[in-house]
Each structure stands twice: as structure tokens, then as C-alpha cells.
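Me: I have a model open and want to learn how to read it. Can we take it feature by feature?

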Amino acid sequence: LMSDADDGFLHALLQIDEQHDCDFASDLDAFRPHTSVVELQPGQSLFESSGGLVDESERGLFFIEFGLMKVERNSSYSTTRSGGFGSLRRRLGPNVASSNGSIGHLNARAPRAGGTYVAKRTSIVRDAHSFRLARFGPGWVVGAIEGASGGMRNPGVHIAVTPCRLHHLPYSNIEQVETENPSLVLHLFKMMSLLSARRQEVTIDQLATLHSIINSPALTKPMSRATMGALQSV
């Protein structure tokens with residue numbers, strides 16, 4: 001469902017309230033002047049490092065008004081391989097995570113609030129080592145786990161599956177609001193924690209499904225297309 005541009009951020013918040021049975025929208029709508037709109041077409045990446053629109057220094061929260069996003073990760077990235085945390089930190093720079101206890105710990109440079117950024121068409125090169133890590137739609141926030149945890153070691157590549165409109169709240173803007181209205185940022189942090197817990201529940205269910213598949217007896221005949229489709233949707 002597409003909303004008017006002026007109330008798109010509120011619409012995204014209301015979808016979070018409805019899907020997760022909570023009541024954050026009325027308070028968090030105060031962040032609206034600090035957000036900007038990001039529009040993506042199918043197959044386009046969110047961040048510039050993977051051919052997208054938003055610079056790595058402007059990481060933050062992306063409230064989904066409409067559309068479906070997925071996160072892909074290369075399995076060669078790990079904490080012990082050259083593609084792991086060390087190389088990612090060097091690529092993103094020293095501002096990705098700091099020891100500052102502030103919720104605005106990323107100390108990122110903010111884009112102009114209130115603007116609309118539309119991604120140009122780009123092609124993303126994927127290899128056989130890439131796999132889907134997560135999917136996000138209305139009722140979810142891209143970057144919630146990263147923001148609540150102090151910066152993920154490998155956040156993955158964020159790609160639009162369908163046309164998407166996101167409302168970008170940079171970490172630097174959150175840090176600014178924190179000095180002016182700490183209670184508002186506390187409400188935001190509570191919402192991020194709730195979404196992180198819900199995402200963990202989804203991950204546990206997926207792991208249980210995969211464990212069942214791995215420990216099932218070997219098939220005596222080829223899988224049907226319906227079965228293959230169900231496995232790919234996990």
C-alpha cells in the first residue's frame with residue numbers, strides 16, 4: 001500500500017505497530033524532519049559500496065514504507081578469513097563503530113533531511129558464494145540490528161526485490177536528537193530492540209527448518225518443483 005509522500009514515514013511506523021502489536025508510531029513520528037526518502041527499483045542495491053545510492057558514511061535506519069528488501073552475504077566473509085571483519089572495517093572506515101556509548105555511535109555524516117534520493121539503474125555482480133541472509137518488508141526496519149548491536153561485522157548487501165520506498169534516519173541525526181530529547185531516542189531504541197528480538201525468533205525458526213532438512217533421510221527420487229520452491233523460500 002502506497003501512502004502520500006508527506007505521511008510516508010508515519011505510515012511505515014504504523015505498519016510496525018500493527019505487525020508487532022506495539023505502540024511507537026505516535027512518539028517516533030517526531031523523527032520525521034530528520035529523515036529523507038530513498039527509492040529503489042528491483043535489483044538495485046542500497047549502499048554505494050555495492051553499486052547503490054547511499055554512501056557507507058551515511059549508514060542508519062531505513063523504515064520501509066512499501067516494497068521488499070533482501071540481504072545477501074558472501075560466505076567467504078568470516079572473522080578468520082581475509083574478507084572478514086578486519087577488511088570490512090578498513091573498507092567502511094573508522095567511523096563504522098566506536099566505543100562511544102551513545103546510540104549515535106557510528107558518528108556518520110548525515111544526508112539532507114527531507115530530500116528524496118532515487119537510485120540509478122545499476123547491475124550487481126553476484127557469485128556462487130552469495131546467499132540470502134534475510135528479507136525485509138513493511139513492518140521492519142533495515143539497520144535495526146546493526147544499530148542496536150553497535151555495528152555488525154558483516155551487514156551484507158541490501159538489495160531491492162520489488163520497488164521500494166525507504167525513510168532514511170542516519171545515525172548522526174539520531175545522535176543529534178539524543179542530546180536534545182533523550183526520551184525520544186529511548187523510545188526508538190526500545191523499538192529497535194523489539195524488532196531485533198522478533199528477527200531472532202524468525203532466524204531460530206529457519207534454523208529449525210534447516211536442521212530438519214539436513215537430518216532427513218536421503219531422497220530415493222528427485223525433488224518435485226514444489227518442494228524445491230519451498231526450500232528456496234526458507
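**Reading the fold**

Reply: Start with the inventory. The chain has 7 helices and 8 strands. Keep in mind that this is a predicted model.

Me: How much of the chain counts as buried?

Reply: Of its 234 residues, 41% are buried. The accessible surface comes to about 12700 Å², and carbon and sulfur atoms hold 54% of that.

Me: What share of the contacts comes from residues 24 or more positions apart?

Reply: Count the contacts with a separation of 6 or more. Residues 24 or more positions apart make up 83% of them.

Me: Now a strand. Which strands pair with β2, and in what sense?

Reply: Look for bridges. Strand β2, residues 60–66, runs antiparallel to β8, residues 164–170, with 6 bridges joining them. One pair to find by eye is phenylalanine 66 opposite arginine 165 in β8. β2 also pairs with β6, residues 141–142, in the antiparallel sense over 2 bridges. There, phenylalanine 63 has valine 141 as its bridge partner.

Me: Where do the side chains of a regular strand point?

Reply: In a regular strand they alternate between the two faces of the sheet. Then check the cover. In β2, 7 of 7 residues are buried.

Me: Which residues have the most contacts inside the largest nonpolar core?

Reply: That core has 39 residues, and the most contacts inside it belong to Leu46, Phe63, Leu188 and Met191. Helix α6, residues 182–214, gives the largest share of this core, 6 residues. Follow methionine 191 outward. Beyond its neighbours within four places in sequence, methionine 191 touches Ile16, Phe24, Leu28, Phe63 and Val141.

Me: Is histidine 158 buried or exposed?

Reply: Read its relative accessible area. The value is 6%, under the 20% cut-off, so histidine 158 counts as buried. Histidine 158 sits in strand β7, residues 157–160. Its C-alpha atom is 5.5 Å from that of leucine 46, although 112 residues separate the two along the chain. Sequence neighbours within four places aside, its contacts include Gln44, Leu46, Arg59, Met69 and Val142.

Me: One charged residue to finish. Which side chain of opposite charge is nearest to aspartate 17?

Reply: Check the distance before calling a partner. The nearest is arginine 198, 9.9 Å away. A salt bridge needs the charged atoms within 4 Å. Aspartate 17 is buried yet has no salt bridge. Aspartate 17 belongs to helix α1, residues 8–20. Leaving out neighbours within four places in sequence, aspartate 17 contacts Cys22, Asp23, Phe24 and Ala25.

Conventions: Residues numbered from 1 in each chain as written. Predicted model: local features only at pLDDT ≥ 70, side-chain atom pairs only at ≥ 80, totals over all residues. Heavy atoms only, no water. Helix = DSSP H or I, 4+ residues; strand = E, 2+ residues; numbered from the N terminus. Buried < 20%, exposed > 50% of the residue type's maximum accessible area, 1.4 Å probe, protein only. Lys, Arg positive; Asp, Glu negative; His and termini not counted. Contact = heavy atoms within 4.5 Å. Pairing = 2+ DSSP bridges. Core = buried A, V, L, I, M, F, W, Y, C linked by side-chain atoms within 4.5 Å. Areas by Shrake-Rupley, 256 points an atom, 1.4 Å probe, with all protein chains shown as cover.
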